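Colleague: I'm new to this one. Could you walk me through it?
Modeller: Sure, have a look first.

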Amino acid sequence: MKLIRDLSATGGYACSLHALLPFVIFPIVVESSITHVRDIPRFGLGTWLSDREKVTHAVQYALDSGYDHIDAALIYRNEDQTGKGIRASSVSRENIWVTSKLWNEHHRPNEVTAAIKKSISDLGVEYLDLYLIHWPVAFVPGEGTKLDEKTTIFDTWRAMENLVRANLTRYIGISNFAKKDVEDIMDMCLICPYAHEFETHPYLQQQDFIDFHKEIGVKVIAYSPLANTNPTYDSGIQPIMEDPFWKDIAHKKNATVAQALLAWGMQRNTIVIPKTVHEKYIEENLGAFRVSFTDDEMKAISTTDKKARMNNPGKGWGVKLFADLDDPTKLDDDRNGEL
């Protein structure tokens, strides 16, 4: 059995005394039954917006092609089909990293366990490798996007910690948090975040935020690593696949633009999870592993940052997300909460 404290998940972030004392007095013993063989793979398949009719084959094909990391979420509404792909592949469960996420309407502590069990059941697995709070925003259950003003991220995090103790997930983490949110969680956690999944790509590099996570020992999972390639994004910015800078650098590397973008993401020590349901791109994206950049090339890429966020639902929710980061939510009424 393994004794888990925040150090096991973060590499040593200093917790406040009030968080440390309860652990010292009441040790937490967990992970007695889950077998795991490795850390999170640095390359995975995203499933956000993947067609329910196509995601099963995409997941199976990816796993049989060498992928070993699947990123899912309850709100994607395709976890059952994703699970069929996992089971249909030739790869055994213990050799696949599976991530899912807690949706906003399940933040109340009495909702959290049922939510993860739903994802586990739909995915057809016995446990998750990583379970994330999808957004630092709580909705009132059953009332759409009505904000739950009584449930805090601290309430939800305590319930998340219990999921590790119950062996429902190996690790827990966060997604789409502002820096202050991260700091607040790190100050109170007993089992601390293993990873933080958020949007980052050459048009939204957030290098200082990436470096901050390295300092506190929290891994970064980069969603939308291909920037505004996603057809749902209406950024008003030239598609990165057509950007002359990236077309030129990809040509020099004898690579596709997507391969170059994913290679850059991995070289800066983020975990990339490109989404596709097409066999051609599932295979082609793996070519990112043969691409690398010199220090001068990395510096040149750093100058192309547009600080442009593609995914920001905060205005629709009435919440100022990413308040201390690049391109935060812009609200008509500044009296709304900041997260």
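**Around the sheet**

Modeller: Start at one cross-strand pair: Ile 221 sits opposite Ile 271, a residue of strand 10. Keep in mind that this is a predicted model.

Colleague: How many bridges join strand 9 to strand 10?
Modeller: There are 2 bridges, and the two strands run parallel. Strand 10 covers residues 271-272.

Colleague: And how does strand 9 pair with strand 8, parallel or antiparallel?
Modeller: Parallel, over 5 bridges. Strand 8 is residues 195-199. In that pairing, His 196 faces Val 220 of strand 9.

Colleague: Which helix goes with strand 8 and strand 9 in a β-α-β unit?
Modeller: Helix 8, residues 207-216. The unit is right-handed.

Colleague: Is strand 9 mostly covered or mostly open?
Modeller: Mostly covered. Strand 9 spans residues 219-223, and 4 of its 5 residues are buried.

Colleague: Zoom out. What is the strand order in the open sheet?
Modeller: It goes 3-4-5-6-7-8-9-10. That is 8 strands, with parallel pairing.

Colleague: Which strands are at the edges?
Modeller: Strand 3 (45-46) and strand 10. Each of them pairs on one side only.

Colleague: Give me another pair from that sheet. How many bridges link strand 5 and strand 6?
Modeller: They pair over 4 bridges, again in the parallel sense. Strand 5 is residues 97-102, and strand 6 is residues 128-133. Lys 101 stands across from Leu 132 in strand 6.

Colleague: New topic. How many disulfides are there?
Modeller: The count is 1 disulfide. Cys 189 is joined to Cys 192.

Colleague: Why does that pair count as a disulfide?
Modeller: The S to S distance is 1.7 Å. The cut-off is within 2.5 Å, so the pair qualifies.

Colleague: What is the handedness of the link between Cys 189 and Cys 192?
Modeller: Right-handed, with 80 degrees about the S-S bond.

Colleague: Are those two cysteines buried or exposed?
Modeller: Cys 189 and Cys 192 are both buried.

Colleague: Now the whole chain. How many helices and strands does it have?
Modeller: It has 13 helices and 10 strands. The chain holds 339 residues, and 55% of them count as buried.

Colleague: How much area does the chain expose?
Modeller: About 14,800 Å². Carbon and sulfur atoms supply 50% of that area.

Colleague: Last one. What share of the contacts comes from residues 24 or more positions apart?
Modeller: They account for 73% of the contacts with a separation of 6 or more.

Technical notes: Residues numbered from 1 in each chain as written. Predicted model: local features only at pLDDT ≥ 70, side-chain atom pairs only at ≥ 80, totals over all residues. Heavy atoms only, no water. Buried < 20%, exposed > 50% of the residue type's maximum accessible area, 1.4 Å probe, protein only. Pairing = 2+ DSSP bridges. Right-handed = clockwise from strand over helix to strand, strands pointing away. Contact = heavy atoms within 4.5 Å. Areas by Shrake-Rupley, 256 points an atom, 1.4 Å probe, with all protein chains shown as cover.
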